[in-house]
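Trainee: I am new to this structure and should be grateful for a close look at a single part of it. Would you please take me through the place where one domain meets another?

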Amino acid sequence: MPHVNGTPKGATKRGAYMKLQDDAVGVVKGKDGDEKTDYTRWRLKDDRGCQTWHYLQTDEEIKAWPQSTADKYLLNLDTEQPDLTPAKTPLEAAHNGLTFFEKLQLPPGNWACEYGGPMFLLPGLVITWYVTDTPIPASHAIEMKNYLFARAHPEDGGWGLHIEGESTVFGTAMNYTVLRLLGVDAEDPRMQKARDTLWKMGGALNGPHWAKFWFSVLGVMEWDVVNPCPPELWLLPDWVPIAPWRWWIHMRQVFAPMSYVYSKKWSYPLNDLTRQLRSELLVEPFETINFGARRNTIAPTDNYHAKSWVLKLLFWFLATIWFPYLRPTWMVKRAEEHVWWLIEAEDENTDFANLGPVNSTMNTLASYVKGGPAFHAFREHLKTLPEFLWIKDEGMLMNGTNGVQSWDTTFLIQAVDSCGWSTNEKWKPMLTKALEFLEDQQILEETRDQQACYRQQRKGAWGFSTRKQGYTVSDCTSEGLKSTLILQKDHAYPILISERRMKDAVDVLLTMQNASGGCASYEPTRGSELLEHLNAAEVFGRIMIEYDYPECTTAVVTALEMFQKHFPTYRAQEISAFRDRAVAYIRNAQRADGSWYGSWGICFTYAGMFALESLKCSGEQYNNSERVRRACQFFLDKQMEDGGWGETYKSCEQGVWCQHPRSQVVQTAWVVIAMLEGGFPDKEPLEKAVKLIMRRQQSNGEWLQEAIEGVFNKSCMISYPNYKFIFPIKALGMYAERFGDEALL
Ligand code: LAN
């Protein structure tokens, strides 16, 4: 495609590529000319849930630290797991599945997996490393390149917001840049193809806010192109309806470092490579671009949530009046100091793990901007960032959190219990280790400066990943509590988590309900839905505040219910009132067609599983509830010829059922669980579904990866690879309990 800036031939090879540390032993060149590390050298270290991948250098190291079955499985190497006696009954299939999955448990007791999907995370990390002149291991650079090439769109060579999405400016411009920083030549045919796709979409100036932010940091664009992020918003008094403490936690924790760097207008000094990137990413000559006039340009592919006129007006005022003429220096100083204080508190409260991968890279950058390369906070961040990295057969990616440790472990415990195996001697050692892990990961103290940091109560909570990350999540706490009660109270496991600590968890859960009766994710909702008019991210929907979720609400109400059975007197009235309100919310949230919209898994199959469990909690079953019948009918209408269910991620984007051409094991399991929770009486459709789950199982007990399972912010998908073990096992166990463990195959 012709291009005004032309393509700089030759010169690209001498650009200032990323500095590399030479650890690339055993690297081979494939047929395509790309390098590949030696996969037998990679090891996953799990230090009390803190997971990092290591590339071993010497034969001695390799001998001293052999590759585990989990390592091999996660790298897609041969795990040499034997063929098992073919399963005839549901419980035999669950047994085979668990036999395989047990081998993947890590020494501290948790399970791990890739947590990829989003394609906008690695760029933040690589740009941060680059602009802070941080050298990275060559092994990592090689595998990051491999991952990005493996995940380029098969037709147009670009990248989307997530691995299954269509190409966007955000995905393409950012990942193209990563490849260039990591040393890929602009004339590589794959780069040419990606560039063509980018140019067709109008180039990087049609990217969303976050892309413009990172490109300004890198020095490829001018800061005027970034819609204003004034740190002084943090000085607003708490009563102001738009004050940041009311925003969804991920937004405000990203906004803090972003506003700090924005206020400093810090950019990396121009070099050959970034100069070339200007001409590769922008479709007009750099010198001719009026960056201030391009703040709002965005390609249709990226514009999932168009900016409101209110927001555009606000940005116009900030960019053309406030920043150039009105902004007093004393206020800038105070705002920057206060935001820096918040960043430091976040770092300290999470031991530099930070809430998630976006604020983690931005806090790293902010600490560099604040204190330079030798600054303690910056050095600590560099040590912690590798906890987000993951290596798999396709290469290296950045995970959506620092892991799925507590979440997957709690669900596995419950799946095994559904099979009736909690006291089975074969599985007891595995479950004991899982319980030990949960014990170690429960959060035992409040944060420093809880009020001033606007943090939710957390003593007694569980987070999604680790205690070190330390953020209360309503449903993670609930699943943690349920798993503890199942093992310690129902099945007389050793009391590792005291009664007091369980009550602390309940105390946290009782703070989580909204006036609607529903529960949100990290905190009760703090602001009005009108704040969505200030959603500036463009690529995501429903991000500005916390919302009620059927998934989270169900987890909390069922945990409280289970707790009350064992401790009938503790905060009894509050728990009962909580339950009534929660169930009322679930009833309200049901759509006319009988379904519920899911926000964290794809999509209606996921939410239905939770909602029907809530209704069961108040005694609503198929035989006595029109609502439950409607929900079951919704699923029956969608059952496929082969007995399974399948919906695509488009369900999440569009809010209506979008049929997948192929049934999905995980979604089929969700529906089986949903219908069994609902007390659906007819065996035949469920038997058909269970047979499908059993037929898809491999001879060694595993199930293979199918379509992506999870979602956030309506538009971005995220992988939950362990779900293909956890939910089939649970569904098989529940089916056997309800209809008997008869031979089906
Ligand atoms: C998660 C992962 C887990 C998820 C569940 C526990 C499943 C859910 O029920 C509640 C919300 C929660 C904790 C959740 C929130 C948003 C997260 C952290 C993620 C989907 C994983 C990645 C995502 C995060 C926002 C990604 C970074 C992107 C930004 C837009 C900041």
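Mentor: What follows concerns the interface of domain 1 and domain 2, with some features beyond it added at the end. Please bear in mind that the model is predicted.

The domain assignment divides the protein chain into domain 1 (120-398), domain 2 (428-589) and domain 3 (590-739). Between the C-alpha centres of domain 1 and domain 2 the distance is 32 Å. To the contact, domain 1 contributes 43 residues and domain 2 contributes 31 residues.

The size of an interface is often expressed as the accessible area that is lost when the parts come together. For domain 1 and domain 2, the area buried between them is about 3,500 Å², and carbon and sulfur atoms account for 60% of it. On the side of domain 1, Trp248, His305 and Asn349 provide 20% of the area buried against domain 2, which is more than any other three residues provide.

Charged and polar pairs also span this interface. Side chains of opposite charge can pair when their charged atoms come close. The rule finds 4 salt bridges across the interface of domain 1 and domain 2. In addition, 19 residue pairs are in polar contact across the interface of domain 1 and domain 2.

Which elements give two or more residues to the side of domain 1 that touches domain 2? They are α8 (209-218), α9 (249-264), α11 (309-326) and α12 (329-349). The greatest share comes from α12, which gives 7 residues to that side. By character, the residues on the side of domain 1 that touches domain 2 comprise 23 nonpolar, 10 polar and 10 charged.

A salt bridge also joins the side chains of arginine 252 and glutamate 523, at 2.7 Å from N to O. By the same rule, the count of salt bridges comes to 43. Another salt bridge links the side chains of glutamate 280 and arginine 180, with an N to O distance of 2.7 Å. Glutamate 280 belongs to helix α10 (residues 272-281) and arginine 180 to helix α6 (residues 169-181), so this pair ties together parts that lie 100 residues apart in sequence.

Two hairpins complete the picture. Strand β7 (residues 389-392) and strand β8 (residues 395-398) run antiparallel and are joined by 4 bridges. The hairpin that β7 and β8 form has 2 residues between the strands, and tryptophan 390 has leucine 397 in β8 as its bridge partner. Strand β4 (residues 42-47) pairs with strand β5 (residues 50-55), likewise in the antiparallel sense, over 6 bridges. Tryptophan 42 finds its bridge partner in β5 at tyrosine 55. In the hairpin of β4 and β5, with 2 residues between the strands, arginine 48 adopts a positive phi near 50°.

Conventions: Residues numbered from 1 in each chain as written. Predicted model: local features only at pLDDT ≥ 70, side-chain atom pairs only at ≥ 80, totals over all residues. Heavy atoms only, no water. Domains from an automatic or database assignment. Contact = heavy atoms within 4.5 Å. Buried area = accessible area lost by both parts, 1.4 Å probe. Polar contact = N/O pair within 3.5 Å; in protein donor to acceptor, adjacent residues only side chain to side chain. Nonpolar A, V, L, I, M, F, W, Y, C, P; charged D, E, K, R; others polar. Pairing = 2+ DSSP bridges.
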